Each structure stands twice: as structure tokens, then as C-alpha cells.
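Trainee: I should like to learn how to read the pockets and a helix of a protein model. Where should one begin?

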Amino acid sequence: MTRPQISINLAISADGKISSVARRPSGWTSREDHARLLALRAGADALLVGRGTLEADRMTLKAAGDPWRCVVSRSGAFDAGHPLFHSPGGPVHLLVTEGVGQEVVGAVMHRGNLAEFLGMLADEGIRRVHCEGGGQLVFALAEMDAIDELHLTWAGHRLFGGGEAPTLSGVPGAFLPASLAFDLVDFDPRPAIGECFLTYRRKTQ
Ligand SMILES: NC(=O)c1ccc[n+]([C@@H]2O[C@H](COP(=O)([O-])OP(=O)(O)OC[C@H]3O[C@@H](n4cnc5c(N)ncnc54)[C@H](OP(=O)(O)O)[C@@H]3O)[C@@H](O)[C@H]2O)c1
């Protein structure tokens, strides 16, 4: 099945966590990180997040060029009052993989698995999907070996901490079936703000 190119963008704290155990909103780590987030969104035809991240970060997924705004859920327990459904931007597409799913006015609901959804996006002419987490969704994409580019903001000034706090590949202790090979293609340390911007690209042989 064909799929679009998929990039990921996450901020990790010094201990490799993407969030605290309490799953508080992560926000952005600095003005520079926020500017990078917006620049990465601007190159996408579609943005993709898990419902956990949508809820925790109260995202509206606004971006230049109004890319599609896609949210993935097993349960389909979408909150119709969420700001996503009441803010201008690209068309909203919801994927429900297991439950019946709560229809939301103004959003297109899809049922099926993640691979089928990505295939549908490709069929609709979506070439670049940009995913902003969270860890569970990134884990699923990594399991499918469907990550082409990985952008990290390594925020060395912050420790989220907590053995149960999620990492970039989801819940600690849930190992991927195989290692994935990436090349580090950009290393951009910003000592003045205690951060480093990293870009990895999937190794192709
Ligand atoms: N540091 C960063 O850059 C960054 C980025 C993103 C998120 N975060 C933080 O991470 C925390 C959320 O982490 P999380 O791991 O819970 O996030 P998540 O992956 O966004 O959310 C998990 C939920 O999303 C849905 N989901 C995820 N993968 C799915 C799949 N393969 N198929 C179907 N549904 C799927 C499910 O929704 P249902 O419950 O509806 O079934 C699941 O319960 C928040 O605190 C957020 O602030 C940080």
C-alpha cells in the first residue's frame, strides 16, 4: 500500500522524555522551538496527532497553507467541544481504529487501521504528512517502519522525569520489534538556550 512521506517533530527533555507522567501540556520549549514547529508544519499537506496529544495540548493544528488536520483514536471518543472543531484551518479528518466513534459536525470520520488511513491520504493526493506525536502514535508509525524524517528539539535545560513518563517511542518498556536505521542529517546546537535541533532521515540502501 502506498503512503505519503512522514515526518515527526517532538521535543525531548534531557532524560529522553516527551512529557511528564501527569501528561500535562508540553507546549514548546523555547521561542526557537516554536518557530521550528511552525516552519515544519508549513511544509506539510497534512498534520497528524494522536487523540491524547490533541487533548493534552488543546491543539488547533493551525498552519500556513491550511494542511489537513488529522487525529487518530482507537475509541473514537472525540470531544465535540474541543477547540480543533471550532477554529479555522484545514479540513479535519478523524480516524477511529476500534470503537464506533463519536461523529463530529464539520469533521470527516474514517474507520479502519492506520495503514489504510495513510493509503487513503496518498490516494487523495496528500504527499507529506507531519506528525507531532504523541509517543503512542509515533510507536505505531515506527512499528510500521513508516517514519521518513525525525525532527527533535533536545531541551537540555529540562527534566520531565518519571519512570512511567512517555518517551518518543511511547510507553517505556514497550520495545519496537526491530531497530530502525536513520542518518543524522542536521545537528544544530543552540548553547544560548540550552537546546539542540536534530534532524534524522531514514537510511535508504
Ligand atoms: N514533547 C513533545 O514534543 C510532545 C509531542 C506530543 C505529545 N506530547 C505529550 O505526550 C503526552 C501524550 O502522550 P500519549 O502517548 O498519550 O499520546 P498520543 O499518542 O497522542 O495519544 C494516545 C491516544 O491517541 C490515540 N492513538 C495513539 N496511537 C494510536 C494508534 N496507533 N491507533 C489508534 N489510536 C491511537 C488513542 O486514542 P483513544 O484514547 O481515543 O483511543 C490513544 O489513547 C501529552 O502529555 C503531550 O503533551 C509531547
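**Reading the pockets and a helix**

Mentor: One begins with the lining of a pocket. In this predicted model, 47 residues line the largest pocket, and those nearest its centre are Gly50, Gly52, Thr53, Glu132 and Gly134. The space within the largest pocket amounts to about 1,200 Å³.

Trainee: Which helices and strands each supply at least two residues of that lining?

Mentor: They are the strands β1 (5-13) and β3 (68-73), together with the helices α1 (31-42), α2 (51-57) and α4 (135-143).

Trainee: How do the residues of this lining divide by class?

Mentor: The lining of the largest pocket comprises 18 polar, 17 nonpolar and 12 charged residues.

Trainee: How much space lies in the second largest pocket?

Mentor: The second largest pocket holds about 200 Å³. Its lining has 14 residues, with Gln5, Ile6, Ser7, Arg128 and Glu149 closest to the centre. At least two lining residues come from each of β1, β6 (128-131), β7 (149-155) and β9 (195-202). By class, this lining has 5 charged, 5 polar and 4 nonpolar residues.

Trainee: How should one read the buried residues of a helix?

Mentor: An α-helix has 3.6 residues a turn, so residues three or four places apart point the same way. In α4, the buried residues are Gly135, Leu137, Val138, Phe139, Leu141 and Ala142.

Trainee: Against which elements do the buried residues of α4 pack?

Mentor: They pack against the strands β1, β2 (46-50), β3 and β6, and against the helix α3 (114-123). Just after α4, Asp145 has a positive phi of about 50°.

Technical notes. Residues are numbered from 1 along each chain as its sequence is written. This is a predicted model: local features need pLDDT of at least 70, side-chain atom pairs count only at pLDDT 80 or more; totals for chains, interfaces and linings use all residues. Side-chain values use heavy atoms; hydrogens and water are left out. On a 1 Å grid over the protein atoms alone, a cavity is a set of points where a 1.4 Å probe fits but cannot get out, and a pocket is an open set with protein on both sides within 12 Å along at least five of seven lines; lining residues have an atom within 4 Å of a point. Grid points are joined across faces, edges and corners, and a volume is the space filled by probe spheres set on the points. Helices (H or I, at least four residues) and strands (E, at least two) are DSSP runs, numbered from the N terminus. Ala, Val, Leu, Ile, Met, Phe, Trp, Tyr, Cys and Pro count as nonpolar, Asp, Glu, Lys and Arg as charged, and the others, Gly among them, as polar. Buried means under 20% relative accessible area, exposed over 50%, partly exposed in between (1.4 Å probe, protein chains only). Contact means heavy atoms within 4.5 Å.
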